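Biologist: Could you take one part of this model and look at it closely with me, going slowly enough for a first-year student to follow? I would like to hear about the charged side chains and the backbone around them, and then about how that part fits into the rest.

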Amino acid sequence: MKSLEELMAIKNKMQNKVSVRTSAGDIRVVVGMATCGIAAGARPVLNAFVEGVDALGLGDKVQVTQTGCIGICQYEPVVEVYEKDKEKVTYVKMTADKAKEVLEKHIKGGKPVIEYTIGATQL
Amino acid sequence: MDELALYVLDITMNSVRAGATEITITIEETDDTILLVISDNGCGMTEAQLSKLSDPFFTTRTTRKVGLGIPFLKMLAEMTGGYVKVESVHESVSEEHGTTTTALFYKNHVDFIPVGNMTDTLVTLINGSPEINFTFIHKMPEGEVNFSSEEIRSILGKDISLAEPEVLAWIRGNIEDQYNEVDN
Ligand SMILES: Nc1ncnc2c1ncn2[C@@H]1O[C@H](COP(=O)(O)OP(=O)(O)O)[C@@H](O)[C@H]1O
Ligand SMILES: [Mg+2]
């Protein structure tokens, strides 16, 4: 069982890091989680990003957040990636597997996966 | 949607949007029924809003024309022989405002869908609203699973968000462990 001692250890580790955390260079991954998104499969996408950021040790640099309806329901699940001084990248019709790929290549590697972006997708 | 846990996520998002700071989700299973209760201390609904709730074309959203949440849940519950009941007190009526949605399902009915991944649903909710106090209780004939944001926060202190990936990973592991223990 994941014990409270482990949670305490996480706390102690984080407390030392909190002061180092800066907003410069941060990446924000935003997943659309309204009814339309949930129905289209946004939950596994969100969880793939949350778990992947932890597994890749990117927690200091990357924030995974949620938003309501982005207004392009037919493209759900939709994921937007915001990075300082860069243009927003919008991924559409996402899956957990695509999320893992985006994490590796874009979030970690710095190169957007063009084929999953809204510009590359035909309706 | 093919998991009850996804409906729970969707209905709980209503509570989040209503500005709730306390949200309690309880699931009580017997061998043939599931009673789901989601209650919040959000803004609540007026009598007029409440009466329109089962109408799939009613929503206070501005971004989308059709509200699907509650009618979906109602359809699923009624298909299995159960029901959905929504009770609400609007903030203009009382300080004790909030909404309680109760749903009963007959889980052996052919139209019922699996409970599904409640862990993913909880982690999603906590990631989206780390400041909200979520209480989760899932009682099954074989045992129960519990989660409380407040309990985690009392250990972490107020400076560390429950949405930190490492914290969420711990929460995920803890809830999964509890479910595994019930299964054994
Ligand atoms: N827990 C709640 N607290 C306050 N208002 C609610 C709650 N649940 C539902 N409502 C109201 O009922 C409306 C319809 O809800 P729902 O059927 O889930 O559709 P949607 O969320 O897409 O609008 C919401 O827009 C909101 O105004
Ligand atoms: Mg809703």
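**A close look at D85(A) and its surroundings**

Modeller: Let us begin with D85(A), which counts as exposed because its relative accessibility is 75%, and the limit for that word is anything over 50%. Please keep in mind throughout that this is a predicted model. D85(A) is placed in the loop that joins strand 3 to strand 4 (89–91) of chain A. Its side chain meets that of K84(A) in a salt bridge, with 3.9 Å from N to O, and K84(A) is itself exposed, at 51% relative accessibility. As a general point, side chains of opposite charge can pair when their charged atoms come close.

The backbone of D85(A) also deserves attention, since its phi is near 65 degrees, a positive value in a residue that is not glycine. Most residues other than glycine have a negative phi, and most peptide bonds are trans. A second case of positive phi in a residue that is not a glycine is K93(A), with a value of about 45 degrees. K93(A) belongs to the loop between strand 4 and helix 4 of chain A, and its relative accessible area of 32% makes it partly exposed. The peptide bond that leads from E76(A) to P77(A) is cis, with omega near -5 degrees, and P77(A) is located in the loop between strand 2 (62–67) and strand 3 (79–83) of chain A.

If we now follow chain A into helix 4, we meet another charged pair: the side chains of D97(A) and K100(A) form a salt bridge, at 3.8 Å from N to O. Both residues lie in helix 4 and are 3 residues apart, which is about one turn of the helix. D97(A) counts as exposed, at 57% relative accessibility.

To see where these pieces belong, it helps to step back to chain A as a whole, which has 4 helices and 4 strands. Read from the N terminus, its elements follow the order α-β-α-α-β-β-β-α. The C-alpha trace of chain A spans about 50 × 35 × 20 Å along its principal axes, and 42% of its 123 residues are buried. The mean pLDDT of the chain is 89, and 90% of the residues score at least 70. Among its elements, helix 4 (residues 96–108), where we found D97(A) and K100(A), has the highest mean pLDDT, 97, whereas helix 1 (residues 4–18) has the lowest, 86. Where pLDDT is low, the predicted coordinates should not be read in detail.

We can carry the theme of charge over to chain B, for which the mean pLDDT is 92, with 92% of its residues reaching 70 or more. The model as a whole scores ipTM 0.89 and pTM 0.92. Over all chains, a search finds 13 salt bridges. One of them joins K158(B) to D159(B), where the closest N and O atoms are 4.0 Å apart; K158(B) is exposed at 77% relative accessibility, and D159(B) is exposed as well, at 63%. Elsewhere, salt bridges with shared partners link E51(A), D120(B), R172(B) and E176(B) into one network.

K158(B) also gives us a way to compare distance along the chain with distance in space, since K158(B) and E131(B) are 27 residues apart along the chain while their C-alpha atoms are separated by 9.5 Å. E131(B) is found in the loop between helix 4 (118–128) and strand 5 of chain B, and its relative accessible area of 57% makes it exposed. Strand 5 (residues 133–140) itself holds H138(B), which is buried because its relative accessibility is 2%, and the limit for buried is under 20%. From H138(B) to N180(B) there are 42 residues in sequence and 13 Å in space, taken from C-alpha to C-alpha.

Finally, D31(B), D32(B), E142(B) and D183(B) gather in a patch of negative charge on the surface. Of these, D32(B) sits in the loop between strand 1 (22–29) and strand 2 (33–40) of chain B, and with a relative accessible area of 40% it is partly exposed.

Notes: Residues numbered from 1 in each chain as written. Chains lettered and ligands numbered in written order. Predicted model: local features only at pLDDT ≥ 70, side-chain atom pairs only at ≥ 80, totals over all residues. Heavy atoms only, no water. Patch = residues over 30% accessible without salt bridge, like charges linked within 9 Å, V, L, I, M, F, W, Y side chains within 5 Å. Areas by Shrake-Rupley, 256 points an atom, 1.4 Å probe, with all protein chains shown as cover. Lys, Arg positive; Asp, Glu negative; His and termini not counted. Charge placed at Lys NZ, Arg CZ, Asp CG, Glu CD. Helix = DSSP H or I, 4+ residues; strand = E, 2+ residues; numbered from the N terminus. Buried < 20%, exposed > 50% of the residue type's maximum accessible area, 1.4 Å probe, protein only. pLDDT = per-residue confidence, 0-100.
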